[in-house]
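Welcome! Here is a friendly walk through a structure that may be new to you. Take a moment to look it over, and then read on.

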Amino acid sequence: METAAIGLWGVPLAILAGAIRVSTPFIFVSLGETITERSGRINLGLEGTLVFAAMTAYAVDVLTGSPWLGMLAAMAAGAVFGSIHGYICKWPGVNDVAIGIAMMQFGLGLAFFLGKPFIQPVAPHLPSLPLGFWSSVPQLRSALDVNVLFLVGAALAFALKWAFANTGVGLMLRVVGDSSDAARALGFNPDRVRLLATALGGALAAVGGAYLSLSYPGSWNERISSGQGLMAVALVIFARWNPVGCFWAALLFGGAGALGPALQSVGVSQGYYLFYAAPYVLTLIIMVANSSPTRPAAGMPGALASR
Amino acid sequence: MTISADAGVERTGGPLRSRLRPLAETLARRAEPVAIGLSGILLGLAVFSLFILAVGKSPTTLFSLMYVGGFGSWFSVQNSLSRAAPLLLTALCVALPARLGLIIIGGEGALALGGVAAAAAAMPLVGSSPPWLALVVMAAAAMAIGGLWIGFVGYLRHYRGVNETIASLLMAYIAIALMNHLVEGVLRDPASLNKPSTTTLPVAYMIGKLPGVDVHWGLVIGVAACVVSYILIETTTWGFAARISGGNTRAAQVQGLPVGRLIVGFTALAGGFAGLAGMIEVAAVQGSANASIVAGYGYTGILVSFLARHNPLAIIPIAILLGGIEAAGGLIQRRMGLPDATVLVLQGVLFVVILFCETLYGRFKIFNPELWTRRA
């Protein structure tokens, strides 16, 4: 028996495998939120976008048989959700945090409404790369069966960090996020930049949602997300609005999320629900450790810090 | 977009005019939230109608069913009122901190733990103490844990600078995990096989119905909590201080107001109300703490509070309205073949549209006396 042979080594291995699997939606949602927040706005509604995207991706996958088409449809839906948020928030007197909460409830409701017929059917998954082909230990093989989106997300994190620092669009985004007045002086329209940044953020969060339904756990139901969209927003603060930081933080969160199932797989059944709370407790601890009552967090975009 | 307010009278400005002016100003200020709120609701219903048309159903049928299911008969009115009871309390959990400038959305967690605390507190008392005492202890336990839960969020906000919106929601997830842990563990009644629950309360130890109607006392408790909150916020010194620190924290601190204690106190009271909602769900509806008490009342309460613009008295009619919409959900599902999430979609649309309408404040001359004298 291989399970007996690797014994308790199964726990860290399961956590590693889980970290890769569970972190992927965190990576995309937090990168999306980073783009939005770097432009000077907070979109708390990404939880709704995530769930709606998961539903859209799965529904299109069921109807067409192509997971990649599902992914595209989800991204389009995410961009629409982001655009609605971005459009409404440009009006004076509108609170972007409150609109985010409203968009979250709207997205969840709409996903449950339209998603009812797609709970039962089975649809093809996104492909994964068997990076563990060299090993004969099945647990290691399955742990290293890395999904493509994880690798895309990792590459995207580094690409975004580079783009923020070195491209015209990245600089424009940061100027808008640090000061609307400075941006206007340079001839940029802050509302338009923020609208596009929120739409792009929504599209990226939607990739995370599509991953949930098309790869892991790999089906659509109303409990598919357990607050990943919100934890990702907290994660952005922890990562100091740095895309590469988001990637590492997402891995950490993924590991915390995998703790419960990993312990359960080796027969630890006590306190099962408490281990499920681990990611939330971790997020809270990290937020407490990273916040200060007197000064804004390091790296915070100026437009967010000054209000 | 401005509507001119009888400019003709203004030019003359006689003695009657000057006596009526303060009244007119008050009326105009009071009318603004009502007019904008009602227009927002109508606009939201219009957007929702388009959605219903788009999925090939009739909005008129849906709205008439919503009326029948929510308020069309004495039976449905009683049902709506029973559903409004927890909403009154969870809406207060959003409204009180909002007056201090905090957006707290984790009432669902305080409700869940309040329910568990109430059920746990009842265990040693059932059979050995009079029912009224047991109910008082249950309510106190529920309010204490709810107050602790949300008060901690307020503490983190003020003393550690932690974003209260995200923190409260994380605390809600932790609370629900804790509830599941307790209800499926130490507090579980071995007799509850398929649905883990705490020991069921004997009928004598439950909150009864109001005399003559099929609505439990939770409604009265909820309305009383709203009235008390209104008095607290609008007429007491504490409420005044809270509103000042909600308007401008720095100014409040310069004035020497105890901002930290105000924030912790008001968030704790808010959480206490949400905890009380959990106790009422256990002691008036479910009879025991189980997963059914996490039914989304905490989240609907957010919508109620925002629709009421965080005014505790306005929460009362709006909670009843939304209670009615939720009560009609089953009827819409059966008669029209629409999913139960229809109500969620309506709530989401209303929420987004109403917040959008916040931008209309101050744009209409008729509602803003300071614009009356200014000449165009």
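## The core and its surroundings

In the largest nonpolar core, which has 235 residues, Leu235(A), Leu88(B), Leu92(B) and Ile315(B) touch the most other members. Helix H11 (residues 259-286) of chain B gives the most to this core, with 17 residues. Please keep in mind that this is a predicted model.

Let us look at one of those core residues. Not counting residues up to four places away in sequence, Leu235(A) touches Phe26(A), Ser30(A), Cys246(A), Ala249(A), Ala250(A) and Phe253(A).

Another residue to visit in chain A is Val60(A), found in helix H3 (residues 46-64) of that chain. Is Val60(A) buried or exposed? Val60(A) counts as buried because it has 25 C-beta neighbours inside 10 Å. Beyond its neighbours within four places in sequence, Val60(A) is in contact with Leu69(A), Gly70(A) and Ala73(A). Leu72(A) is 12 residues from Val60(A) in sequence, and their C-alpha atoms are 9.3 Å apart in space.

## Chain B as a whole

Chain B has 15 helices and zero strands. Its C-alpha atoms fill a box of roughly 80 × 60 × 40 Å along the principal axes. How does its radius of gyration fit with that of a compact globule, and what is the value? For 376 residues, such a globule would have a radius of gyration near 21 Å, and the 23 Å of chain B agrees with this. Of the 376 residues of chain B, 51% count as buried. Among contacts in chain B between residues at least 6 apart in sequence, 78% join residues at least 24 apart.

## Where the chains meet

On the side of chain B that touches chain A, 40 residues of chain B are in contact with 38 residues of chain A. Helices H6 (131-160), H7 (164-183), H12 (297-307) and H15 (342-356) of chain B each supply at least two residues of this side. Which helix gives the most? That is H7(B), with 11 residues. By type, the residues on this side of chain B divide into 27 nonpolar, 10 polar and three charged.

## Backbone details

Some loop residues have backbone angles worth a look. Here are two with a positive phi.

| Residue | Phi | Loop | C-beta neighbours inside 10 Å |
|---|---|---|---|
| Trp241(A) | about 60° | between H11 and helix H12 (243-265) of chain A | 23 |
| His310(B) | near 60° | between H12 and helix H13 (312-327) of chain B | 20 |

Neither Trp241(A) nor His310(B) is a glycine. Trp241(A) counts as buried because of its 23 neighbours, and His310(B), with 20, counts as buried too.

A further detail concerns a peptide bond in chain A. Tyr216(A) and Pro217(A) are joined by a cis peptide bond, with omega at about 0°. Pro217(A) sits in the loop between helix H10 (190-214) and helix H11 (228-238) of chain A.

## How confident is the predictor?

For the complex, the predictor gives an ipTM of 0.90 and a pTM of 0.90. Chain B has a mean pLDDT of 91, and 95% of its residues reach 70 or more. Where in chain B is confidence lowest, and where is it highest? It is lowest in helix H1 (residues 7-12) of chain B, at a mean of 47, and highest in helix H8 (residues 218-235) of chain B, at 97. Over residues 1-10 of chain B the pLDDT is below 50, and this stretch has 12 contacts in the model beyond near neighbours in sequence.

Definitions and conventions
Residues numbered from 1 in each chain as written. Chains lettered and ligands numbered in written order. Predicted model: local features only at pLDDT ≥ 70, side-chain atom pairs only at ≥ 80, totals over all residues. Contact = placed C-beta atoms within 7 Å. Helix = DSSP H or I, 4+ residues; strand = E, 2+ residues; numbered from the N terminus. Nonpolar A, V, L, I, M, F, W, Y, C, P; charged D, E, K, R; others polar. Buried ≥ 20, exposed ≤ 12 C-beta atoms within 10 Å, placed from the backbone. pLDDT = per-residue confidence, 0-100. Rg over C-alpha atoms; globule rule 2.2 N^0.38 Å. Core = buried A, V, L, I, M, F, W, Y, C linked by C-beta atoms within 7 Å.
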